[in-house]
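Trainee: Could we go through this model together? I'd like to start with one of the helices.

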Amino acid sequence: MVDRDESVLSRFLRMESSGGIVLILAAVAAMICANSPLQPYYDLILDTPVAVQVGELLVSKPLLLWVNDGLMAIFFFLVGLELKRELMEGELAEVRNIVLPGVGAIGGMAVPALIYLLFNQGDEAGLRGWAIPAATDIAFALGVLSLLGSRVPVSIKIFLTSLAIFDDVGAILIIAVFYTDNISFTALVVVGLCLPVLFLLNRFNVESKSLYIAAGTIMWVAMLKSGVHATLAGVLMAIFIPLRTPAGVSPLKIMEHDLHALVAFFVLPVFAFANAGLNLSGVGMEQLLHPVPLGIALGLFAGKQIGVFGFCWLAVKLGITALPEKVSWSALYGTAALCGIGFTMSLFIGSLAFEPSAVNRLFDERLGIIVGSLLSGVVGYLVLRRSLRASNPDELEAKAS
């Protein structure tokens with residue numbers, strides 16, 4: 001049974017790593033489109049109106065918002081499934097495995113947000129972006145780790161993945177509390193009616209995926225109309241998927257397995273392609289030093305390192321927890337730097353933060369995220385590369401001979 005669990009973890013990490021590489025390629029493709037003669041076509045595709053109507057119920061949005069509200073709901077559903085499995089029988093089921101990444105996640109959200117607020121105090125519109133640098137992109141971070149090959153201990157990957165899960169939970173709570181539009185209580189009533197249906201499906205150990213999907217889709221549409229962000233429907237739906245039925249079947253693991261490839265190789269790359277396009281013409285120091293991109297970039301690059309590493313160091317020194325096996329302080333610092341890659345979730349929160357604002361912050365937001373994530377990825381890779389070489393003298397001797 002242990003070997004099977006390790007095999008599942010190994011496959012998961014490999015898929016996330018390769019998914020991160022595809023994510024990078026999608027982001028590069030978006031940048032090429034935004035800075036070439038393809039830009040008008042790129043913008044035209046994203047602005048294309050798409051409408052779905054059933055009777056008097058009409059959902060009409062530009063294609064970009066279908067990606068951000070629709071496809072990302074699938075991503076959040078997968079996050080919810082992973083979180084439930086990890087809490088019930090995975091790495092997070094044991095308290096000793098929760099403390100260090102949990103403490104690191106708290107520091108990694110609080111310090112970047114404070115840095116951003118420091119640079120944007122007095123700007124009411126800019127202050128809405130305080131949560132942008134608080135996010136970590138696990139696919140990108142594991143993609144960078146994959147460049148280091150087999151030298152990376154599994155304990156580092158587990159720590160980074162666990163921290164990112166806590167990070168995602170924090171992002172979900174932030175979206176639910178701070179980034180909502182005008183609330184429609186009628187639509188929320190429909191959401192409330194869907195929850196008992198999902199509860200009964202769970203209670204009677206229903207294995208049919210289609211029934212959960214049907215109830216979840218209705219809840220997603222109602223959430224979309226309610227003013228609460230629609231992607232949260234994915235998280236709520238995941239809570240009610242049974243981990244295991246009396247017959248020994250795991251609907252949760254089946255759905256999680258089925259969705260991994262879809263999310264890693266389609267949902268997240270499409271989201272990156274739709275949101276990472278940044279026209280760099282005319283960009284100079286004036287744009288880079290604007291409080292919004294500067295706060296985001298420094299929040300991701302400096303804030304994540306200070307928050308994650310500093311809080312973890314303090315927790316270990318106070319005897320609250322211990323370093324993971326085969327992880328040195330320098331390796332932990334490199335991992336903390338990688339947490340500054342906030343690409344996907346940062347872009348998503350940024351789209352929510354500045355969408356209702358009369359001031360267009362789209363350029364500033366993307367510029368800060370790309371600069372901060374790029375610096376974090378490079379520094380994290382270099383620190384880990386040096387640290388892992390130093391901790392593996394046998395490998396150095398083999399290469400020397």
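Trainee: How far apart are the end C-alpha atoms of helix H4?

Mentor: In this predicted model, the end C-alpha atoms of H4, which covers residues 95-120, are 37 Å apart. That agrees with expectation, because 26 residues at 1.5 Å a residue should span 38 Å.

Trainee: And which residue takes a positive phi just after H4?

Mentor: That is Gly122, with a phi of about 95 degrees.

Trainee: What about H9, what span should its 18 residues have?

Mentor: Helix H9, residues 209-226, should span 26 Å at 1.5 Å a residue, and its end C-alpha atoms are 25 Å apart, so the two values agree. H9 is followed by Gly227, whose phi is likewise positive, near 100 degrees.

Trainee: Which residues of H9 are buried?

Mentor: The buried residues are Tyr212, Ala215, Gly216, Met219, Trp220, Val221, Ala222, Met223, Leu224 and Ser226. They pack against strand E2 (57-62) and against four helices, namely H3 (63-89), H8 (185-203), H10 (232-239) and H11.

Trainee: Since H11 came up, where is Ile254 and what does it touch?

Mentor: Ile254 sits in helix H11, residues 251-275, and, leaving aside residues up to four places away in sequence, it touches Lys209 and Val249. Ile254 counts as partly exposed because its relative accessibility is 39%. As for Val52, which is 202 residues from Ile254 along the chain, the C-alpha atoms of the two are separated by 29 Å.

Trainee: Switching to charges, how many salt bridges are there?

Mentor: The count comes to seven. One of them joins Lys61 and Asp69, whose closest N and O atoms are 3.2 Å apart.

Trainee: Is that pair, Lys61 and Asp69, buried or exposed?

Mentor: Lys61 is buried, and Asp69 is buried as well.

Trainee: Which residue forms a salt bridge with Glu86?

Mentor: Glu86 pairs with Arg85, with 3.0 Å between the closest N and O atoms, and both of these residues are buried. Arg85 and Glu86 also belong to a network of salt bridges that takes in Glu256.

Trainee: What about Arg244, which residue does its side chain meet in a salt bridge?

Mentor: The side chain of Arg244 meets that of Glu89, at 3.5 Å from N to O. This pair links distant parts of the chain, as Arg244 is in the loop between H10 and H11 while Glu89 is in helix H3, 155 residues apart.

Trainee: Why does Glu89 count as partly exposed?

Mentor: Glu89 counts as partly exposed because its relative accessibility is 35%, and Arg244 is also partly exposed, with a relative accessible area of 40%. The class in question runs between the 20% below which a residue is buried and the 50% above which it is exposed.

Trainee: Now the surface: which residues form a nonpolar patch?

Mentor: Trp313, Leu314, Leu318 and Ile320 form one, with about 430 Å² of accessible area together. Ile320 is found in the loop between H13 and H14, and Ile320 is exposed, with a relative accessible area of 54%.

Trainee: Then on to H14, is Thr335 buried or exposed?

Mentor: Thr335, which lies in helix H14 (residues 329-338), is buried, with a relative accessible area of 2%. Beyond residues up to four places away in sequence, Thr335 touches Ile156, Phe159, Leu160 and Leu384.

Trainee: And Ser376, where is it found, and what does it touch?

Mentor: Ser376 is found in helix H16, residues 362-390, and it is buried, with a relative accessible area of 0%. Not counting residues up to four places away in sequence, Ser376 touches Leu300, Phe301, Ala337, Leu338, Gly340 and Ile341.

Trainee: Last topic, confidence: what is the mean pLDDT of the chain?

Mentor: The mean is 84, and 90% of the residues reach 70 or more. Among the elements, helix H13 (residues 291-317) has the highest mean pLDDT, at 95, and helix H17 (residues 393-400) the lowest, at 44.

Trainee: Where does pLDDT stay under 50, and how many contacts go with that?

Mentor: Over residues 1-6 pLDDT stays under 50, and the model has zero contacts for them beyond four places in sequence. The value also stays under 50 over residues 393-401, for which there are three such contacts. Where pLDDT is low, the predicted coordinates should not be read in detail.

How values were computed:
Residues numbered from 1 in each chain as written. Predicted model: local features only at pLDDT ≥ 70, side-chain atom pairs only at ≥ 80, totals over all residues. Heavy atoms only, no water. pLDDT = per-residue confidence, 0-100. Helix = DSSP H or I, 4+ residues; strand = E, 2+ residues; numbered from the N terminus. Contact = heavy atoms within 4.5 Å. Buried < 20%, exposed > 50% of the residue type's maximum accessible area, 1.4 Å probe, protein only. Expected span 1.5 Å × (residues − 1). Patch = residues over 30% accessible without salt bridge, like charges linked within 9 Å, V, L, I, M, F, W, Y side chains within 5 Å. Areas by Shrake-Rupley, 256 points an atom, 1.4 Å probe, with all protein chains shown as cover. Salt bridge = Lys/Arg side-chain N within 4 Å of Asp/Glu carboxyl O.
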